[in-house]
Structure formats: structure tokens, C-alpha cells
Amino acid sequence: MFSERLGAEESRCQEDFHGLSVSKRLVRSVSQKLRKKNNNRSLGEEEDEDDDDVNGVSLKCLTLYGRGGGCKVGADTGDEVGDSSNRRRSSSGEEGKGYKPVCGPQDTAVVDCFSYGVRDRFWRRHQRKNSEIDELMTTNNKMHIFLPDDILEMCLVRLPLTSLMNARLVCKKWRSLTTTPRFLQMRREGLYQNPWLFLFGAVKDGFCSGEIHALDVSQNQWHRIDAGFLRGRFLFSVASVQDDIFIVGGCSSLTNFGKVDRSSFKTHRGVLSFSPLTKSWRKIPSMKYARSIPILGVFEVSLDFPSYQSRQDKRFPRSRIGGVSDVYEDPHKLSMRRHCRSTINETEASTLPSRKAHKFLKQISDLSSSKNSRRFLLVAVGGLGSWDEPLDSGEIYDSVSNKWTDIPRLPFDFGIACSGVVCGKMFYVYSETDKLAAYDIERGFWIAIQATPIPPRVHEYYPKLVSSNGRLFMLSVSWCEGDGQIGRRNKAVRKLWELDLLYLTWTEVSVHPDAPMDWNAVFVADKNLIFGVEMFKIFGQVLDFFTVCDVTDMSNWNHISRNHVTHELDGSSCVTKSVAVLHL
Amino acid sequence: MAQEASSSTSSKTISLKTGDGEIFEIEASAAKQMKTVQRLIDDLGDDITIPLHNVFSKELPKIIEYYKKDITGEITKDFEAEFVKDLNDDEVKVLFLAANYLDANKLFEFLSQNIADRLESKSVEYVRKYFGVENDFTPEEESKLREERAWSFRGIKEDE
């Protein structure tokens, strides 16, 4: 239509537009409109499409300059006549104030049509007439640049954590959009989260600084969190529980506060919960016994799982040591019990209290399900007591009752527990004397597990249990043949083993690529990934090595983060370190 | 364009008319992937040109190209990378809005991921500019919030 008339103007417009990557249609309509403005000085009768283009133009101008029309979709919020606050926010300076002429017949630089003043002039002209159009804009998607909230959410939910935290600073609406429980749940369920490793126990210049080093695995970026509440505490254990990390037990020096001083120290019963997302912490009821380096396990259970509180009424005649369990005594009754568990219709009289507890829990579950909370149980066994004596007691924390309850002691001849992990419905614990036991969370007793032995391990390296994807693994250092040294087992190698839970046999899965320099290497797993953290001091420096293995792709251990974030730390950090992994 | 309503061969094409009046043809199987189009076909019949007021001749060819690949099962990572490579930020948003309007799920998911990727590790200012959003925090509020989030600000990429 107007194309013949535009001619030179258009080509000039086009050159400049080109640099801004604007479509030809837009160019034509801009030139068209601006010409009209100049000639007519009134909006006149324009077709709907032109209006939209016009609005498209001005708002596109806006976007190209990043001047927001506010957070409302399409609506030119805040652009009332003479809305000085909007103009004040423009940082493009005062050159627009002069209201330079628009591009068109005059021989001015086309870029002027994007200068602030002209844009404002458009705004003031348009807003009067276009409030209805704006209504239309909000509802239909002709506003090509502004995204409606619901689909904006679909983009934000996919952001990795650090970018998401930035998104929360964009404006108030975005902040509330990205912090609703629904949004967070969508993020969790859509598997848009990535693993984060949290390294605790950093000791600097002799002091337990309470620094937490966090590794964003997907971005391979380190962050440091100052956790003052941990200052002075060492040899605690950590466990990841949903989106928080529980810090359990530990010691602190009595004489030299803050220092790792094992000569005179106090062992704690206290438990803390740390939320990395909000950088906040809260106190959890203390354990019944003071423990340092307890073995921890986390069970996520359904809300109608019988409360551990009520189990105190049940009699535990003695801890069930050895391999004898109810299964072999009374299979039928057990299977009946299992079948009826969902209806809580157990025949034993002693279950009456638990039935009441169940009803009570049902009420709680109605309340808490509306708050979208998930229930968990945290088991703590073993560790060292107030006089550094090894403990064989255990206790369990129930998030619903918010209390710790005793559980039976470790089996009699088990030895000192050195590692443990939850796998399925069992809490497996490994001892320094190579015994394996499992605590059945539902039935509340220990079972000794006779598994085929693994090759003799290097004595100082206690094996570590990890569980991933419902499978049970162990990392153990053993001797094997050195290169070229056939028959002579003089090379120490760390291997990953898997326990077949049905046949109770250990099978070698893969070999860890690093020479085992750290006898206190920590291994944690989340979903299908097993992370390994080794720290040791060499040549006067503390080095750290982070590795990861995907259990669905067994042959490879990969190194992550060779940044050696710990090089400033003391060597004792190797002993005090503990690691938790979260999906954030 | 007289097609028998009863015939449903795989080579059947549907005509789509964009908001700016251009007509494009797509295969019926591709149209099925765009639920909005499918609904209109169900209501209006498949021998009528389906009007799409909110999609324009700039975006629709790209969308058609995507679904052409999809029905032959050829969408690979390379294809997807190529698909978005030359799109600038605004074009991605336009396509994304169109995919939303057309209820074209696969493309929608893909583009939402692409937009998220474009925002990754960018500064707050960049994100505001990208979406044309204004900062409505007061300076005090903002500095307080940044303080709280301090540990997430390292490693920001330079704004392009």
C-alpha cells in the first residue's frame, strides 16, 4: 500500500532497523505509522491490525531498550499522561526530553525514532485511546514480546538454582511466582533440579570456621556459605533430608572454643537443620545420647506410616541378634500383617495403641498434606560417646512427632559401626570388622546379613556404603596386582561393589580411577549418581578430588571440579569433613 | 481445496491462514500435534481454511518445519540446536507464544527450555531487559535481598 511512497525513507529505516533485527513488516508499519503521525497529527480511524502494529511498534521500541511497560502483560502500566515516575526510571538520559522529530520526511537519524522522547510521545498519544486495545492485548497473544505469567513460569521452572535465585530479584511478581509451593513442586517433579554437594567440616588455621563449601555440579561452580551456627563444632554427621541438611551431634572444644581440640571436648546431643535455599537453620530436638560421627540414615515414609512414638508400647524382649527374625518363625502371620498394614487391621492386641496413633496421624496428615509436607525418619546409630567410647545404641527421629525414640542396639557381635545407608526399607550398617547388619524400619529390629565375603581390604580404609536407585553399593580399598607385577598384590585400589539383595553376593562393579590417598573418603549418592569426595594433604597443601559415577552407566567415574577449593584448609579437615548432596 | 471429509489418508493437508492473511499447508498428522488447530478442525471441518488470528507468517513456517521433522521422527539434538541457532531473543519469544497458542506441546517444551538456557547465569538486569520487566523493588529492598542471596552471585556471565 504505502510501499511506493516510502521508498528512500524505508530503506534508511531498514538499514537501522536491520541492525536491531526487526522484521520487514515492522519496518514498513513503523514508517507507515510515523509518516501518518507526522501528516495527520491524529490517530484517526485505523484498522485493528494497524493499531496492534502501532502498539507493537511502541512496545517493541520499549523492549529493545528494555524499558518495561511494567509487569502486566501487554498493558502499558504506569504510562499515564505525564507519569514522570516512569520517565524518571529511564536511564537513557535526558536527550529524549527535547522530543526530536520522528523519522520520516525529515532527514534526521532514524535512531531518533527510538529515542526516549518520541517513545513517550507515542505513549501519551496512545494510552488515551488504547485502553480497550490494551485489554485486548492482555487477553490475546498479539503482544509478541510480553509473556503471560503462566507460560513464563514454564521457563523459570527450568532454570538452575543460581539463575532462579537471580530471577527472584527481577521484580516482586517474579519473586512471588517462583517461591510458591506449587512452583517448587513443579520444579521438583519435573526433574529440573540439579545435584549440589555440600562440604562441611572445613578447618582453617585450627578453627572450625563454620564454612560450608557448596558445589553446583551442573554449573561446576563453587559457592561458600558462612554458617556461623556451626562455628566450633566438629566431627558431626550430616544427612540430606528433602531440601534440608541435618547436622547431628559432634564435638566442640571446652577449652579452646572454635578449635579442633580433642584433648578436652564436649560431645553434643544437639541436632540442627540447615536449609541452603533460605540460608537459614533451625534447631531440632536433641538426641537422647551425645554422639560424634554417628551413622545416619534417612527414610522417606508416607504420612500414615505408624508413628515411632507408639512403638515404645510394643515390647522389644531383646534385640534380635543373629539371623533369626519373624520371617522364619511365622511367615504366614507376617504376610498377613503386611497385607493388612495398609488397613491397619493387625490382630495383635499390642497394636491397639498404634491404631489410635494411626487415626491421630490421619488427622495430622490431613493438615500437613495441605501444607505439602513430606514425612521422614532419621536414624542415628553408633558413633562415639562423651568419652570417645564407641556406641552401639541407636535412636530414630520422626518428623511428625518431632521426637527421638530409642531403637534396639546393634547386634551383639557386630563391632564398631563405620558406615551406613538406607536402601529400600532397610538401614544397612557396616562394621569395622566387616559385618553387615540391617535395621528393618517397619518391623523395628536388626537382621544380620551373611553375604559372600569381599576380598580382604586394606585395614585402615573402612568401607563406605552408598545406595542409589534402590541398589546397595560399597566402596572398599583392597590390594590387587600392581602393573607388571604379576602375582604380587601390592597396589591399593578402591573398588565399587554391589550387593545383590536377593542372593546376598557382592559383585565388583567398577574401579575408582584415583589412587586411594584418603582413608576417610566420603561417598554420597543421590538418585542415580554416586559422588566421591577425597581430601588429603600433600606437599603442604590440602587437595580435594571430587568424582561422580552414574549407576546407570557403570563403567565411568568422572572427575568434577578440580578447583581444589580446600587448598587453604588445614589437614585436619580431611578427618572432620562430611558431605551431603541435595537436589536443588 | 475440495477434500472429502471422510477420507483420512496420511497425505491429507490442512490449510492454515495466519493473522496477516497468508495461507500455509500442513499435513494432517502435523496438525494433530497442535491441539488448537485440531480443535478447530474438529469444529469447522478439515476442508476449510483454519484461521489462526494470533500466529503470523513469520512464525508459522518455522513451526511447520519443526513438526514436519517431528512426524518423521527426525528431531535430534543437532536439529534442535540448528533450529534455534539463528533465532534472536525476540524471535524465540514470538515462537514460544505461538506454540502456546497452538497448544503444540513438544515445541512449547523445547522452546521453554531454550529460553531458560538463554537466561542461565545472566545478570538480573539482563533478565529484566529480556522480558521488558521493571524493577519494583526499592533500592533498600533490593540490596537486602541481594545480601541474603549473596552466595549465588558469583560466576555471572558477562552480559552479551
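What share of the contacts in chain B with a separation of 6 or more comes from residues 24 or more positions apart? In this predicted model, the figure is 60%.

Let's stay with chain B for a moment. Its secondary structure comes to eight helices and three strands, and along the sequence they run β-β-α-α-β-α-α-α-α-α-α. Here are its overall values:

| Chain B property | Value |
|---|---|
| Buried residues | 46% of 160 residues |
| Exposed area | about 8,100 Å² |
| Share of exposed area from carbon and sulfur atoms | 50% |

Now zoom in on helix α6(B), which covers residues 105–119. Its 15 residues reach 21 Å from the first C-alpha to the last, close to the 21 Å expected at 1.5 Å a residue. Plenty of side chains to look at here: the buried residues include Leu107(B), Phe108(B), Phe110(B), Leu111(B), Ile115(B) and Leu119(B), and also Ser112(B), Asn114(B) and Arg118(B). What do the buried residues of α6(B) pack against? Within chain B, the partners are α3 (60–71), α4 (77–85), α5 (89–102) and α7 (124–131). Chain A joins in too, with α7 (149–156) and α8 (161–167). After the helix comes Ser121(B), with a positive phi near 60 degrees.

Over in chain A, have a look at strand β12(A), residues 295–301. This strand is mostly covered, with five of its seven residues buried. β12(A) pairs with β13(A), residues 375–381, in the antiparallel sense over seven bridges. To find the pairing on screen, pick Leu296(A): its bridge partner in β13(A) is Ala380(A).

Technical notes
Residues are numbered from 1 along each chain as its sequence is written. Chains are lettered from A and ligands numbered from 1 in the order in which they are written. This is a predicted model: local features need pLDDT of at least 70, side-chain atom pairs count only at pLDDT 80 or more; totals for chains, interfaces and linings use all residues. Side-chain values use heavy atoms; hydrogens and water are left out. Buried means under 20% relative accessible area, exposed over 50%, partly exposed in between (1.4 Å probe, protein chains only). Helices (H or I, at least four residues) and strands (E, at least two) are DSSP runs, numbered from the N terminus. Two strands pair if DSSP finds at least two bridges between them. Contact means heavy atoms within 4.5 Å. Accessible areas come from the Shrake-Rupley method with a 1.4 Å probe; for residues, only the protein chains shown count as cover. The expected span of a helix is 1.5 Å times one less than its number of residues.
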